[in-house]
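The following note concerns the strand arrangement of the structure shown below. Its points are numbered for ease of reply.

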Amino acid sequence: MHRSFSTLVRVAVLGTCLASAQALASDGPPSNATVNFGAWMTPLDRFPNNSPPPANHHALMPNQVTIRSGGSVNFILGGFHNIAIYGEGKQPADVNAGILTTPTNGGPPLIADPAGRIYRGLDPSLQPVDRVEVVRFPQPGLYLVICAVLPHFNDGMYGWVRVLPTP
Ligand SMILES: [Cu+2]
């Protein structure tokens with residue numbers, strides 16, 4: 001009796017998973033995705049207004065997301081970061097880290113290479129360090145997303161947005 005109930009539950013769970021997988025396959029890639037653009041390490045006490053740079057993890061998580069054309073990516077910024085997004089074909093090695101600008105209110109230099117750039121985010125020295133920037137991608141392609149804060153980019157803080165045609 002117990003075994004058959006457990007089998008029933010397994011069959012029900014498997015059925016639900018298959019139905020979800022089929023729904024995903026027929027619906028195609030999602031219309032949005034969320035990327036953590038930097039994160040605060042733990043243990044850390046930020047109260048009432050403490051954002052120590054050494055306590056920030058410089059990475060995009062997940063490192064690659066896939067959406068459909070016309071969709072958006074929600075970049076959740078945690079820390080002093082600056083988004084720069086480049087169009088099809090641009091590789092990290094192609095980014096000219098010699099073209100720099102200075103944050104308005106001070107801070108490390110920001111990469112300002114305009115070649116192939118389709119989006120540049122807000123000057124982090126003028127913003128709260130924790131914020132959201134939502135970016136829309138109308139065209140299919142593979143887009144390089146970097147943190148333009150020079151030492152962060154040099155540490156490998158970049159990732160990818162893959163945009164597939166809307167089915
Ligand atoms: Cu950064």
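**Note on the two open sheets**

1. In this predicted model, strand 10 (residues 141-147) and strand 11 (residues 158-164) pair in the antiparallel sense, with six bridges between them. Within this pair, Ile146 has Tyr158 of strand 11 opposite.

2. Strands 10 and 11 belong to an open sheet of five strands, whose order is 3-11-10-5-8 and whose pairing is mixed. The edges are taken by strand 3 (64-68) and strand 8 (117-120). Each of these has a single partner strand, so one side of each is left without a neighbour in the sheet. From one strand to the next, the twist of this five-stranded sheet averages 20°.

3. Which order do the strands of the open sheet of four follow? The order is 2-1-4-9, and the pairing is mixed. Strand 2 (56-61) and strand 9 (130-137) are the edge strands of this sheet, each pairing on one side only. The twist here averages 15° from one strand to the next.

4. Attention may also be given to the contact between strands 4 and 9. Strand 4 (residues 71-78) runs antiparallel to strand 9, and eight bridges join the two. One example of a partner pair is Asn74, whose bridge partner in strand 9 is Val134.

5. As general background, strands of a sheet pair through backbone hydrogen bonds, in either a parallel or an antiparallel sense. In the present model, the antiparallel sense applies to strands 10 and 11, and strands 4 and 9 likewise run antiparallel. Both the sheet of five strands and the sheet of four strands are open with mixed pairing.

Conventions:
Residues numbered from 1 in each chain as written. Predicted model: local features only at pLDDT ≥ 70, side-chain atom pairs only at ≥ 80, totals over all residues. Pairing = 2+ DSSP bridges. Axes fitted to C-alpha atoms, helices over the stretch in contact; angles between N-to-C directions.
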